[in-house]
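Open the model in a viewer and keep a selection panel at hand. The stops below go from one selection to the next.

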Amino acid sequence: MTSAGELDAADPLAQYRGLFVEAPGVVAYLDGNSLGRPLTASVERVGTFLRQEWGGRLIRGWDEGWLDLPLHIGDELGRVALGAAPGQVAIGDSTTVLLYKLVRAALDARPGRTEIVIDRDSFPTDRYVVEGIAADRGLTIRWVDTDASAGVTPDLAALRVGPSTALTLFSSVAYRSGYIADVERITAIAHAAGALALWDLSHSAGVVPTSLDAWGVDLATGCGYKYLNGGPGAPAFLYVRQELQEHLRQPIQGWLGSRAPFEMGQGYTPAAGIRGMLSGTPPIVGMLAMQDMIALIDSVGLDAVRAKSVALTEYAVELCDELLPDARLASPRDSARRGGHVTIDHPRFAELMPVLWERGVIPDFRRPNGIRLGMSPLSTSFAEVELAVRTIAELLAG
Ligand SMILES: Cc1ncc(COP(=O)(O)O)c(C=O)c1O
């Protein structure tokens, strides 16, 4: 096996690691897929924003660009990471709230249809949002049962999608296994049945090349604080395909999604286009770090980011095979079907987590017994991956 030192020395993206804030005492950060590290530039940027823009421009800032920031950054994200032409992506709210808006809007656009198709292993928030809306409206959920070490395939989706399906909701990359779904084929299956397809892109945005326009995706949303490094609680993003925008009405009617917010008029008329998906005052400070990361991904190129991501996860799998023979790989072996993280299961992993954190080795834990090694390509070194797997092996042996 090639050593981590050799891999880091040959890594064309190694220089970018120095752009992130150092965390004292952390020797291996493998949770960038839950919370990306901050760029040093973002520390400066947010400080400058507070002093000069907020502090200096005060309320005038809204007229000088802040109000357009959710759509402006949305367009940048669409171009750099989502394969989306301008006017289809907006930043705002949490993923949970955006899921609620999109699911409700999609159901209203398919009147008479009574079923929602969703993966039983979806991230909890996706399931809870769908369960709440289904209960409210007397709709039926058609659960797709997937292998937790893999994810939703076109064949499994096709078993549940039918003439009553209003909407399908799946994750482009499964949060536990890292399985990359065939977004294009599954979307086509939904369309063939007359349904809309909504995708949760939380674990692919910024790390797995995505072509929403070309794949015919209707709706999508995802987190801004994972591979987009927006920071804790950073706003999420949503995508609504251009042709659908005039037919969709989202349920959280707020003034900043209305056609003329500053007229303060009676009755709600939605703004045209993607702006109509907004609700209240956009969380500006939370978008700034995300914008810095999108610019960095743009300068590096998403294909180069993906190439390093594949190299990192391949190395992690090799190390686990060699050093953790009793652990079970709970992610796809085929890197073409694997996103930016690798999950390994072992009955003793839960007890290891506090010790790992004490030693500055920070992976993620997913119940009941999975350690998730999340490698954010621009900030993670091969040495961190090796150190983490060796430490896990050492603790298991001890
Ligand atoms: C796949 C997926 N969807 C949704 C969420 C939740 O997003 P939020 O807390 O921003 O609503 C997460 C959070 O980790 C996630 O992994």
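Select D345 and R176 and show their side chains: the two form a salt bridge, with 3.4 Å from N to O. This is a predicted model, and the distances here are computed from its atoms. Between domain 1 and domain 2 the salt bridge count is 1. Polar contacts across that interface involve 14 residue pairs, both members at pLDDT 80 or more.

Next, colour the secondary structure elements on the side of domain 1 that touches domain 2. Three elements, α10 (302-323), β10 (341-345) and β13 (370-374), each contribute at least two residues to this side. Of these, α10 contributes the most, 5 residues. By residue class, the side of domain 1 facing domain 2 has 12 nonpolar, 10 polar and 9 charged residues.

Now colour by domain. The domain assignment puts 4-30 + 301-397 in domain 1 and 47-297 in domain 2. The contact draws 31 residues from domain 1 and 24 from domain 2. The C-alpha centres of the two domains are 28 Å apart.

How much area do domain 1 and domain 2 bury between them? The figure is about 2100 Å², and 56% of it lies on carbon and sulfur atoms. To see where domain 1 pays most of its share, select L302, R337 and H341: these three supply 31% of the area that domain 1 buries against domain 2, more than any other three residues.

Move to the ligand. Which residues are around the ligand? Select S94, T95, T96, F123, T125, D126, D200, S202, H203, C223, Y225 and K226. Then label three distances from polar side-chain atoms:

- D200 to a nitrogen atom of the ligand, 2.7 Å
- H203 to an oxygen atom of the ligand, 2.9 Å
- Y225, through an N or O atom of its side chain, to an oxygen atom of the ligand, 3.2 Å

Two backbone stops remain. Select R367 and P368: the peptide bond from R367 to P368 is cis, with omega near 0°. P368 sits in the loop between β12 (364-366) and β13, and β13 is one of the elements that supply residues to the side of domain 1 touching domain 2.

Last, select L58. Its phi is positive, about 50°, although L58 is not a glycine. L58 is found in the loop between α2 (40-57) and α3 (69-82).

Technical notes. Residues are numbered from 1 along each chain as its sequence is written. This is a predicted model: local features need pLDDT of at least 70, side-chain atom pairs count only at pLDDT 80 or more; totals for chains, interfaces and linings use all residues. Side-chain values use heavy atoms; hydrogens and water are left out. Domain bounds come from an automatic or database domain assignment. Contact means heavy atoms within 4.5 Å. Buried area is the accessible area (1.4 Å probe) that two parts lose on being put together, summed over both. A salt bridge is a side-chain nitrogen of Lys or Arg within 4 Å of a carboxyl oxygen of Asp or Glu. A polar contact is a pair of N or O atoms within 3.5 Å; within protein, one must be able to donate a hydrogen and the other to accept it, and residues adjacent in sequence count only if both atoms are side-chain atoms. Helices (H or I, at least four residues) and strands (E, at least two) are DSSP runs, numbered from the N terminus. Ala, Val, Leu, Ile, Met, Phe, Trp, Tyr, Cys and Pro count as nonpolar, Asp, Glu, Lys and Arg as charged, and the others, Gly among them, as polar. A residue is near a molecule or strand if one of its heavy atoms lies within 4 Å of it.
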